[in-house]
Amino acid sequence: VFQYVLEGRAAMLANDAPAAMTAYRKAMERQLVAGFGMDPPLFWYSVRRSLAAATLAAGDARSAQAQIYASLRRWPNDALALYVLAQADRAAGDAASAERNLARARALWAGDVTRVPLARI
């Protein structure tokens with residue numbers, strides 16, 4: 001999981017969203033196979049969040065929304081996931097939902113969540 005997350009992050013920083021999506025998807029699949037019953041968990045956040053950010057960066061807001069909704073089922077108070085969802089909502093033309101999700105993200109995040117670039121999510 002760590003290796004693929006690092007590959008995805010490097011691809012995002014290089015503005016290569018398709019390569020990031022491939023790496024994050026591999027990380028997510030391994031995370032799902034491992035399950036979430038461990039304490040501490042295998043990885044500290046849902047890698048679907050990063051996959052959604054890369055998917056959004058690639059221009060597919062609807063698929064990004066689907067990934068975030070799946071992630072939020074397990075981690076409902078993930079401020080960065082909510083921030084990605086707000087951006088995907090806006091890109092999909094749903095300004096009201098974008099504002100609601102951004103407000104939730106801001107309430108859960110210490111500092112300004114909007115300063116976190118997609119490449120670091």
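Select threonine 55 to start: at 3% relative accessibility this residue counts as buried (under 20% relative accessible area with a 1.4 Å probe and protein chains only; exposed is over 50%, partly exposed in between). The model is predicted, so local features need pLDDT of at least 70 and side-chain atom pairs pLDDT 80 or more, while totals for chains, interfaces and linings use all residues. Residues are numbered from 1 along each chain as its sequence is written, and side-chain values use heavy atoms, without hydrogens and water.

Threonine 55 belongs to helix H3, residues 48-57 (helices are DSSP runs of H or I with at least four residues, numbered from the N terminus). Show its contacts next (heavy atoms within 4.5 Å). Apart from neighbours within four places in sequence, threonine 55 touches Met21, Asp60, Ser63 and Ala64.

**Helix H2**

Now select residues 17-34, which form helix H2. Its 18 residues reach 25 Å from first to last C-alpha, close to the 26 Å expected at 1.5 Å a residue (the expected span is 1.5 Å times one less than the number of residues). Colour Ala17, Ala20, Ala23, Tyr24, Ala27, Met28 and Gln31, which are buried. They cover an arc of only 140 degrees around the axis, which puts them on the same side of H2 (the arc is taken from the directions from the helix axis to the C-beta atoms). An α-helix has 3.6 residues a turn, so residues three or four places apart point the same way. On the face turned away from the buried side, find the exposed residues Pro18 and Val33. The buried residues of H2 pack against helix H1 (2-13), H3 and helix H4 (61-74).

**Helices H5 and H6**

Move to H6, residues 95-108. Its buried residues are Ser97, Ala98, Asn101, Leu102 and Ala105. Seen down the axis, they fall within an arc of 130 degrees, so they line one face of the helix. Arg100 and Ala107, on the other side of H6, are exposed.

Which helix do the buried residues of H6 pack against? Add residues 79-91, helix H5, to the selection to see the partner. The two axes are 8 Å apart and make an angle of about 160 degrees (axes are lines fitted to C-alpha atoms, for helices over the stretch in contact, with angles from 0 to 180 degrees between N-to-C directions). H5 and H6 are therefore roughly antiparallel (an angle over 145 degrees). Residues making the contact include Leu82, Tyr83 and Leu85 of H5, and Ala95, Glu99 and Leu108 of H6.

How values were computed: Helix = DSSP H or I, 4+ residues; strand = E, 2+ residues; numbered from the N terminus. Parallel < 35°, antiparallel > 145°, perpendicular 65-115°, else oblique.
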